[in-house]
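Let's take a friendly walk through this structure together. We will start with a single residue and then turn to two contact surfaces.

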Amino acid sequence: MLKVIKNRIEQGHRTSKYPKEPIDLYKRFRGMPKVEQNCPPELVQRCADACPQECIDVDSRQIDLGRCVFCGLCETLSEGQFVKFSTNFEMGTANRDDLFTHGDLPALAEHSKKHFKKLFGRSLQLRQISAAGCNACEADTNVLNTPFFDLQRFGIQFVASPRHADGIHVTGPISENMRQATITTWESVPAPKVVIASGACAISGGPFHGSPEIVGDLNKLIPVDLYIPGCPPHPLTTLHALLNYFK
Amino acid sequence: MESFLQIQNNERLARADIPHLPFFQFRNEMLAFAKDGAQVVQFFAYEEEGSMKMLAVMRTDKLYVAGCDAPEDDKFPALTAESEKFHMFEREIGEQYGLKAEGHPWLKMVRYHKNYTGKKDVFDNDYSQDIPGNYPYFTVDGETVHEVAVGPVHAGIIEPGHFRFQCCGERVFHLEIQLGYQHRGVEKLFESVPFKRLPIIAETIAGDTTIGHNLCQAQAIESLADLKVDEGASIVRTIALEMERIANHIGDLGALSLDVAFNPPAAYFGRIRGEYLNLSQILGGNRFGRGLVRPGGVTHIMGDEQRQLLSEKLAELTPEVEHVNDLIFSAPSVMARFDDTGTVPYENAEKIGLVGYAGRACGLSYDARVSFPTECYADLPANSNARTDGDVCSRATVRREEIMHSTAIINTLLEKKVDAASYIPPEVNLAPDSFVVSVNEAWRGEVSHCILTDGNGDILRYKVKDPSFHNWTGLALSLRDTGISDFPLCNKSFNLSYCGFDI
């Protein structure tokens, strides 16, 4: 018992003050990319050719955040002249098209569906489905339940049964072997319900795009309401998206 | 074993130099070798110019390789009939290339997908049907026997898999684990996508083993393409791998504590695990180490600033970790649940080739960092394990020891103030008609990647093996004659990878 108390005192209170107070992530963190419009076209072409995810459009100079894995190669190659990754982790969007960007996403709170705010603003229960997710998205979602993030203080919980849920939170590129289980779980959630695609895989197939063993895009199966980009999304990216979309 | 060729970890070989044996000699020598205590690192089939071939890498305290032509009628007498060490490998060979291991005691699909050759399916599956196809799960008959089925979608935020328990009351006779739900076709992608995509896919084979898998791939490519890695980059890679180990062990010890309803350590370790992920973010900008390791080096230099941040944070966290561990391991209510639960005896562990902490907790001392050191490991001290009874407590204790051992390693390396060279993406040309096998001790155990190139220097066959490929069978065995309520505890003590297995 004494050890429990000693540890309790040593651990103290660790819950973050976000979103009331901003959080600064270490400068190397790769969040929202900023695209430099005046960059020479040869350099843009070089970055687009080298991009392992092929998510840079040369003509529009947009980056598809739904496919980008934030590996940072374009920043390295262009020495920051074309792309610079900022530490801004606030990247959720309500539309797939908004993820094609120069680094200026529309404010998520203004684009959320009003009835969702009314229905789920005070209490949101989500059923998580890992559909061939590599465990990084899952781990950084799970971490929202630890004392630092303490998701439940916002009235948001991940629940065990789809019957208890207001929606699903899907990670992974949806393998063919998980196609039916994903649909069945979604069908088991009572309407009205919300669908969240989390991570590059669920949005576009991510690193596995093109594989015949995956569906690759949750939208092909179920209409998606909220997109959370990243590989995996930082826990704060998910937290920001949930709070702004539903609160 | 006389015909197998002894090789080094990450050594590039001309494929012509690999002994190519008649099938029965290949089979007999492998069986004799396995009987003498050798374990299987890789055993797979591949197709070249229309003909089917097999290749195996075995290990004692050294690595050995040999290959053969597959028998012409697409079937062969199963090695598993004589040694359990081959059981998963032969099932995989059947699934991937349609070569049937006849006499295999449990020839069941592994991941549930069509084979790569268009040959008749070994399991008579119609893949338009859902998993598990026409496979009847193993059942136990009896008036008081009942079945418990769990998954693929589980109650927590975890990956999918299906578990079937045959129980008498609370007692488990048998647990059958059906995986494959996570299959993404990783090996085929490696063989077909542009080279630039390889590291991105390697990093996502298993998210919690991002560094482990990516390091194997980077080393294999460096060997095939003659790329040199400087000392500073090696230091960063070693630190990243050890940081991954610490974060996962801490998370699992917290979860084990939660599974026996002792909540304070679970809350503390849940947060502290995140602190270690944040240290990986300081190294390379991502909590899982993504984007850090690339063929030829590392993308981020660890300078004085990063070294100082890491040292200071480790100095702050290490006593906290020790105190929380002491809290877990001195609580009688915890130890009463950990002790003698989910035991895998040494003999069984050896037969199925358990690796990593699961193996070490059973007394199999194999640690790839010691046997086949890469990066900085040859100069670093090895760990030793005080408790090797094969139960949950042993697996938890090994992890506790490894956290402290890894912390010591990182502190030693931080004192070497060698900066990595700045990263310039290198020109990569793989040597034609070559072979390389790479082995590293990732946090869960032995990860191995094997690459064969064709005459043009393109990848002919890419084989990935996650430690979970061996260890899932260990979890199934640990449940034998155990209360079903101990499943979460046994499961977390192994904490195996679904996607690493399913690839």
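## A buried isoleucine and two interfaces

In this predicted model, A:Ile222 has a relative accessible area of 0%, so this residue counts as buried. A:Ile222 sits in a loop of chain A, between α8 (199-204) and β10 (226-228). Leaving aside residues up to four places away in sequence, A:Ile222 touches A:Ile168, A:Thr182, A:Trp186 and A:Val195. For a sense of scale, A:Lys20 is 202 residues away from A:Ile222 in sequence, and the C-alpha atoms of these two residues are 34 Å apart in space.

Next, have a look inside chain B. Its assignment gives two domains, domain 1 (5-130) and domain 2 (186-502). Their C-alpha centres lie 26 Å apart, and the contact draws on 38 residues of domain 1 and 39 residues of domain 2. Which three residues supply more than any other three of the area that domain 1 of chain B buries against domain 2 of chain B? They are B:Asn10, B:Arg12 and B:Arg15, which supply 21% of that area.

Then there is the meeting of the two chains, where 65 residues of chain B and 64 residues of chain A take part. The table puts the two contacts side by side.

| Contact | Buried area | Carbon and sulfur share | Salt bridges | Polar contacts |
|---|---|---|---|---|
| Domain 1 and domain 2 of chain B | about 3,300 Å² | 56% | 5 salt bridges | 24 residue pairs |
| Chain B and chain A | about 5,100 Å² | 55% | 5 salt bridges | 32 residue pairs |

Individual salt bridges can be picked out too. B:Glu350 pairs with B:Lys85 in a salt bridge, with 2.9 Å between the closest N and O atoms. On the domain 1 side that touches domain 2 of chain B, β2 (13-14), β4 (39-48), β5 (51-59), β6 (63-69) and α2 (87-97) of chain B each supply at least two residues. The largest share of that side, 9 residues, comes from β4(B). By type, the side is made up of 18 nonpolar, 8 polar and 12 charged residues.

Between the chains, B:Arg287 and A:Asp140 join their side chains in a salt bridge of 2.8 Å, N to O. Here the elements giving two or more residues to the chain B side that touches chain A are α3 (186-192), α4 (198-203), α7 (263-284) and α8 (304-329) of chain B. The most comes from α7(B), with 12 residues. That side of chain B divides into 31 nonpolar, 19 polar and 15 charged residues.

Definitions and conventions. Residues are numbered from 1 along each chain as its sequence is written. Chains are lettered from A and ligands numbered from 1 in the order in which they are written. This is a predicted model: local features need pLDDT of at least 70, side-chain atom pairs count only at pLDDT 80 or more; totals for chains, interfaces and linings use all residues. Side-chain values use heavy atoms; hydrogens and water are left out. Helices (H or I, at least four residues) and strands (E, at least two) are DSSP runs, numbered from the N terminus. Buried means under 20% relative accessible area, exposed over 50%, partly exposed in between (1.4 Å probe, protein chains only). Contact means heavy atoms within 4.5 Å. Domain bounds come from an automatic or database domain assignment. Buried area is the accessible area (1.4 Å probe) that two parts lose on being put together, summed over both. A salt bridge is a side-chain nitrogen of Lys or Arg within 4 Å of a carboxyl oxygen of Asp or Glu. A polar contact is a pair of N or O atoms within 3.5 Å; within protein, one must be able to donate a hydrogen and the other to accept it, and residues adjacent in sequence count only if both atoms are side-chain atoms. Ala, Val, Leu, Ile, Met, Phe, Trp, Tyr, Cys and Pro count as nonpolar, Asp, Glu, Lys and Arg as charged, and the others, Gly among them, as polar.
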